[in-house]
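Trainee: I am new to this structure and would be grateful for a close look at a single part of it. Could you take me through the helix contacts and the residues around them in one connected account?

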Amino acid sequence: MVLVIDTFKLVKGAGKSIGIYNLTKSLVSYLGAENVRRGMPHKIVVLGNPKNQKDMERDGTEFVIVPGNPLDRKTFVIWELFRVSKYARRYHADRILFPRGYRPLVYRGKDTIIVHDLIPFWYNENCPGYLGRVENAYIMNRLKASIRHADRVITISDYSRQEIDKLVPGSYGKVKEIYNGLNDIEPWDPGVPVGSAEGDAKGNPETSAPVAKEDYIVAVTTKMPHKNAKGIAAAYERYCSVCKERKAEPLPLRIIGIPRIDAFIRDGVISSENARRVTCFSYIEKYSDMCRMIAKARMFLFLSLAEGFGFPPLEAMQMGTPVVSSDRTALREVVADAGLLVDPDKPQEVAEALLRLQGDQALCKDLIAKGYRNIRRFSWKTRTQEYWDELFQ
């Protein structure tokens, strides 16, 4: 069997989602390794570009550089709508996989799309015009058409599977839910064990001495409205107020993903007094530095309003940090009982959860242990088998 995987448009650091790039990179690597392990029963052709060759060219696959600039809008639209079909025929594809979720306008062969989330529809309803009306309308129409006409659809959570069926009624039977795989985190210190979805990290974080915590909260967000930086500021303002009422010392807050919170001060979301306790990091260059910051935090805060999956809380669990997470969309099933789930629109509820963790070491220890167990649900070994069975059926 010949499986063709379309990665031509994927360029690390370009576009709005690094998640799609990372999933595709891991998927190509694990499928290639499985193909080798089984004695190369199938041909896996990866259509890519010079910018992603280093990540997408793997043993067990044949990497093909497609001519053209994947960052040029006209080039990639023509590719997505028409040219990719010709390449599928050229390599005699029995099935073609579209990790970005968009299939060609006309393709008569078997195909599988991966739908990571329906966030463009969230923006259309909640922040109309934010992404650009024409662009967002194109994305929504293309995604609906791709779901409707694809032979098979893979999505990354049960929540997304149900939302897809609402969007395209009758599609539920051809949609397969396969959770994302969770990659291991490289320890910032070789002597510090971290949680592993595969259960094979160096050391055993469940029985080792925990990382020494420092007195601060860390939150992850971005400028995008659905990541809810405003909600983090509002929750922290309320947390500081409740601490004052109860004569407790509020922990400082470190926010990764935005450069400053000046706009929230101007809008009255957070007082200038409490804002002085907040340190923002637009970007942390060294991944190990970010991991260290999360690992040493007393607690991790994630208040996203819309996620197809939601990696950040799981990554905090890998590093042994108790999680307070939004209960919206897919986060409820991904975080499960391994974190404190809160309504991101209720600052008082978030503040109470933070105070619970601040004052209850037994609860923190329990959530850390549950976090290590929870991440095992997202083993790439299991994901690889599910993808293999789905794509090579």
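Mentor: What follows is an account of one helix and its two helix partners, and then of the strands and loops that adjoin this part.

Please keep in mind that this is a predicted model. I begin with helix H13, which spans residues 347–359. Two packed helices are described by the angle between their axes and the distance between the axes.

The partner to take up at the start is helix H7, residues 229–245. The axes of H7 and H13 come within 8 Å, and they cross at roughly 60°. Angles from 65 to 115 degrees count as roughly perpendicular and those under 35 degrees as roughly parallel; H7 and H13 are therefore oblique to each other. Their crossing is right-handed. On the H7 side, the residues that meet H13 are Ala 234, Ala 235, Arg 238, Tyr 239, Val 242 and Cys 243. On the H13 side, the residues are Pro 347, Gln 348, Val 350, Ala 351, Leu 354, Leu 355 and Gln 358. Sorted by class, the residues of this contact comprise 10 nonpolar, two polar and one charged.

The other partner is helix H14, residues 361–374. Here the axes come within 5 Å and cross at roughly 100°, which makes H13 roughly perpendicular to H14. Arg 356, Leu 357, Gln 358 and Gly 359 of H13 meet Gln 361, Leu 363, Cys 364 and Leu 367 of H14. The classes in this contact are four nonpolar, three polar and one charged. Gln 358 thus appears in the contact with H7 and again in the contact with H14.

From H13 the account can pass to strand E13, residues 340–342, where Leu 341 has its place. Leu 341 touches Glu 349, and residue 349 falls within the span of H13. Neighbours within four places in sequence aside, the other contacts of Leu 341 are Ser 325, Ser 326, Asp 327, Leu 331, Arg 332, Val 335 and Ala 336. Is Leu 341 buried or exposed? With a relative accessibility of 26%, Leu 341 counts as partly exposed. A separation within the chain may also be noted: Leu 341 and Arg 254 lie 87 residues apart along the chain, and their C-alpha atoms are separated by 20 Å.

One of the contacts of Leu 341 is Ser 325, which belongs to strand E12, residues 323–326. Ser 325 has a relative accessible area of 0% and is buried. Residues up to four places away in sequence are again left out of its contacts, which are Phe 302, Pro 313, Leu 331, Val 335, Leu 340, Leu 341 and Val 342. Leu 331 and Val 335 therefore touch Ser 325 and also Leu 341, while E12 and E13 are joined by the contact of Ser 325 with Leu 341.

Two loop residues complete the picture. Most residues other than glycine have a negative phi. Thr 329, in the loop between E12 and helix H12 (331–335), has instead a positive phi near 45°. Lys 247 likewise has a positive phi, about 55°, although it is not a glycine. Lys 247 lies in the loop between H7 and strand E9 (253–256), and with a relative accessible area of 78% Lys 247 is exposed.

Note on methods: Residues are numbered from 1 along each chain as its sequence is written. This is a predicted model: local features need pLDDT of at least 70, side-chain atom pairs count only at pLDDT 80 or more; totals for chains, interfaces and linings use all residues. Side-chain values use heavy atoms; hydrogens and water are left out. Helices (H or I, at least four residues) and strands (E, at least two) are DSSP runs, numbered from the N terminus. Buried means under 20% relative accessible area, exposed over 50%, partly exposed in between (1.4 Å probe, protein chains only). Contact means heavy atoms within 4.5 Å. Axes are lines fitted to C-alpha atoms, for helices over the stretch in contact, and angles run from 0 to 180 degrees between N-to-C directions. Angles under 35 degrees count as roughly parallel, over 145 as roughly antiparallel, 65 to 115 as roughly perpendicular and the rest as oblique. A crossing is left-handed if the near helix is turned anticlockwise from the far one by less than a right angle, and right-handed if clockwise. Ala, Val, Leu, Ile, Met, Phe, Trp, Tyr, Cys and Pro count as nonpolar, Asp, Glu, Lys and Arg as charged, and the others, Gly among them, as polar.
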